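Here are some notes to keep beside you while you look through this structure for the first time. Take the points in order, with the viewer open.

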Amino acid sequence: MKKVNVHGNEHLRTLKPFLDETGLPWEAKAGKRHIKIYIIDRLVLCISRGKGGCDRRLIENGKASIRRISRELKCKERQT
């Protein structure tokens, strides 16, 4: 998989500030049909590469996933 241009996808552009806010390293990788977002090698969200409009439900679910996984990873870091 190759890395993705963040500005090329409307959903990813919208989620970028929330990913940066976590303070954890994240990356977006392009698959054949989807963009996969990882935080510290853990899959957070899979976004379609389609040209459809910005889906509000996808953004809200993405924010929730980012919050949940970043909280789990930060808790795991404190325990070790």
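1. Let us begin at a turn. Isoleucine 40 sits in the loop that runs between E3 and E4. Please keep in mind throughout that this is a predicted model. The phi angle of isoleucine 40 is near 45 degrees, which is a positive value in a residue other than glycine. Isoleucine 40 has a relative accessible area of 36%, so it counts as partly exposed.

2. Now look at aspartate 41, which also belongs to the loop between E3 and E4. Here phi is near 60 degrees, again positive in a residue that is not glycine. Is aspartate 41 buried or exposed? Its relative accessible area is 67%, and aspartate 41 is therefore exposed.

3. Next, follow the strands. E2 and E3, the latter covering residues 34-39, are paired in the antiparallel sense, with five bridges. Together E2 and E3 make a hairpin, and three residues lie between them. If you want one bridge to find on screen, take tryptophan 26, whose partner in E3 is isoleucine 39.

4. Isoleucine 39 deserves a pause. Setting aside neighbours within four places in sequence, isoleucine 39 is in contact with Leu19, Leu24, Pro25, Trp26, Val44, Ile66 and Leu73. Isoleucine 39 is also listed, with Leu15, Ile37, Val44, Leu45, Ile47 and Ile66, among the residues that touch the most other members of the largest nonpolar core, which has 15 residues. At least two residues of this core come from each of H1, E3, E4 (42-48) and H2 (56-79). Which element gives the most to this core? That is H2, with four residues.

5. From there, step across to leucine 24, in the loop between H1 (10-21) and E2 (26-30). Leucine 24 has a relative accessibility of 9%; buried means under 20%, so leucine 24 counts as buried. Beyond residues up to four places away in sequence, leucine 24 touches Leu19, Ile39, Ile40, Ser70, Leu73, Lys74 and Glu77. For a sense of distance, the C-alpha atoms of leucine 24 and cysteine 46 are separated by 18 Å, and these residues are 22 apart along the chain.

6. Compare glycine 23, found in the loop between H1 and E2. Glycine 23 counts as exposed because its relative accessibility is 64%. Its C-alpha atom is 8.8 Å from that of serine 70, though 47 residues separate glycine 23 and serine 70 in sequence.

7. Asparagine 9 is a good polar residue to inspect, in the loop between E1 (2-3) and H1. With 7% relative accessibility, asparagine 9 counts as buried. Where does the side chain of asparagine 9 reach? One contact is with the backbone nitrogen of histidine 11, at 2.9 Å. The side chain of asparagine 9 also reaches the backbone nitrogen of leucine 12, at 3.1 Å. Leaving out residues up to four places away in sequence, asparagine 9 touches Ile35, Ile47, Ser48 and Arg49.

8. Finally, a word on rings. How many aromatic pairs does a search of the whole structure find? The search finds zero. There is, however, a charge to see over a ring: the charged end of lysine 29 sits over the ring of tyrosine 38, at 5.1 Å from the ring centre.

Notes:
Residues are numbered from 1 along each chain as its sequence is written. This is a predicted model: local features need pLDDT of at least 70, side-chain atom pairs count only at pLDDT 80 or more; totals for chains, interfaces and linings use all residues. Side-chain values use heavy atoms; hydrogens and water are left out. Buried means under 20% relative accessible area, exposed over 50%, partly exposed in between (1.4 Å probe, protein chains only). Contact means heavy atoms within 4.5 Å. Rings of Phe, Tyr and Trp (its six-membered ring) pair if their centres lie within 6.5 Å; planes under 30 degrees apart count as stacked, over 60 as edge-to-face and the rest as tilted. A charge sits over a ring if NZ of Lys or CZ of Arg is within 6 Å of the ring centre and within 35 degrees of the ring normal. Two strands pair if DSSP finds at least two bridges between them. A polar contact is a pair of N or O atoms within 3.5 Å; within protein, one must be able to donate a hydrogen and the other to accept it, and residues adjacent in sequence count only if both atoms are side-chain atoms. A nonpolar core is a set of buried Ala, Val, Leu, Ile, Met, Phe, Trp, Tyr and Cys residues joined through side-chain atoms within 4.5 Å.
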